[in-house]
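Colleague: I've never looked at this structure before, and I'd like to get to know it. Please walk me through it, starting with the words you'll be using.

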Amino acid sequence: QVQLVESGGGLVQAGGSLRLSCAASGRTFSTSAMGWFRQAPGKEREFVAGIGWSGRNIYYTDFVKGRFTISRDNAKNTVTLQMNSLKPDDTAIYYCAADRTYLRSFPSMSVDEYDDWGQGTQVTVSS
């Protein structure tokens, strides 16, 4: 199992930036694909970005491409999401998730493929 703790959320004005971090514990982090998801009130949890176990393969959903950057440091057991040019529509709880499929190179965009989840961190973007 991978334990995940997110941090870095907060309140920011439209056009601003935030950097989310996810600290992982557990032996399988470095061989797990990682993802960031978000859930706005009244909406389903949705994929934001994912990164394969080695960091070589990265996916973004269309509405964050060019604005968000996902990265990981397997030596430090961390994954980050740099969010720039934030919009009010980005307001949501952001979750870090781990897919413990061994050495998964291409991250899944499906909620159901992820095994472990953090508690989430609130991001609020004001207009």
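Modeller: Let's begin with exposure: a residue is buried under 20% relative accessible area, exposed over 50% and partly exposed in between, using a 1.4 Å probe and protein chains only. Keep in mind that this is a predicted model, where local features need pLDDT of at least 70 and side-chain atom pairs pLDDT 80 or more, while totals for chains, interfaces and linings use all residues. Residues are numbered from 1 along each chain as its sequence is written, and side-chain values use heavy atoms, with hydrogens and water left out.

Colleague: Is Arg38 buried or exposed, and what is its relative accessible area?

Modeller: The cut-off for buried is under 20%. Arg38 falls below that cut-off, so it counts as buried, with a relative accessible area of 5%.

Colleague: Which residues form salt bridges with Arg38?

Modeller: A salt bridge here puts a side-chain nitrogen of Lys or Arg within 4 Å of a carboxyl oxygen of Asp or Glu. Glu46, which is partly exposed at 31%, meets Arg38 with N to O at 2.9 Å. There is also a bridge to Arg38 from Asp90, with the closest N and O atoms 2.9 Å apart. That makes the partners Glu46 and Asp90.

Colleague: How many residues apart in sequence are the parts tied together by Asp90 and Arg38?

Modeller: Strands (E, at least two residues) and helices (H or I, at least four) are DSSP runs, numbered from the N terminus. Asp90 and Arg38 are both buried. Asp90 sits in the loop between strands E8 (78-83) and E9, whereas Arg38 belongs to E4 (residues 33-39), so their bridge ties together parts separated in sequence by 52 residues.

Colleague: What is the closest N to O distance between Asp116 and Arg100?

Modeller: Asp116 is in strand E10 and Arg100 in the loop between E9 and E10, so this pair links parts 16 residues apart in sequence. Asp116 is buried at 4%, while Arg100 is partly exposed at 34%. Their closest N and O atoms are separated by 2.5 Å.

Colleague: How many salt bridges does a search of the whole structure find?

Modeller: Some of them share partners, and in this way Arg38, Glu46, Arg67 and Asp90 are joined into one network. Across the whole structure, the number of salt bridges found is seven.

Colleague: What is the order of the strands in the four-stranded open sheet?

Modeller: Strands pair if DSSP finds at least two bridges between them, and in this sheet the pairing is antiparallel. E1 (3-7) and E7 are the edge strands with a single partner each, so each has one side lacking a neighbour in the sheet. Inside it, E3 and E8 are joined by six bridges. The order is E1-E3-E8-E7.

Colleague: Which residue in E8 stands opposite Arg19?

Modeller: E3 and E8 run antiparallel. The residue of E8 that faces Arg19 is Gln82.

Colleague: Why is E9 called largely enclosed, and how many of its residues are buried?

Modeller: E9 has pairings with E4 over seven bridges, with E11 over three and with E10 over two. It counts as largely enclosed by the rest of the structure because, of its eight residues, the number buried is seven.

Colleague: Which residues stand opposite Met34, Tyr94 and Ala97?

Modeller: These pairs come from antiparallel pairings of E9 with E4, with E11 and with E10. Met34 faces Ala98 of E9, Tyr94 has its bridge partner in E11, namely Thr121, and Ala97 is opposite a residue of E10, Trp117.

Colleague: Which residues touch the most other members of the largest nonpolar core?

Modeller: Such a core is a set of buried Ala, Val, Leu, Ile, Met, Phe, Trp, Tyr and Cys residues joined through side-chain atoms within 4.5 Å. Of its 27 residues, those touching the most other members are Trp36, Leu81, Met83 and Tyr94. At least two core residues each come from E3 (18-25), E4, E5 (46-51), E7 (68-73), E8, E9 and E11 (121-126). So that you have the names once more: Trp36, Leu81, Met83 and Tyr94.

Colleague: At what relative accessibility does Phe106 count as partly exposed?

Modeller: Phe106 lies in the loop between E9 (92-99) and E10 (116-117). Its relative accessibility is in the partly exposed range, at 47%.
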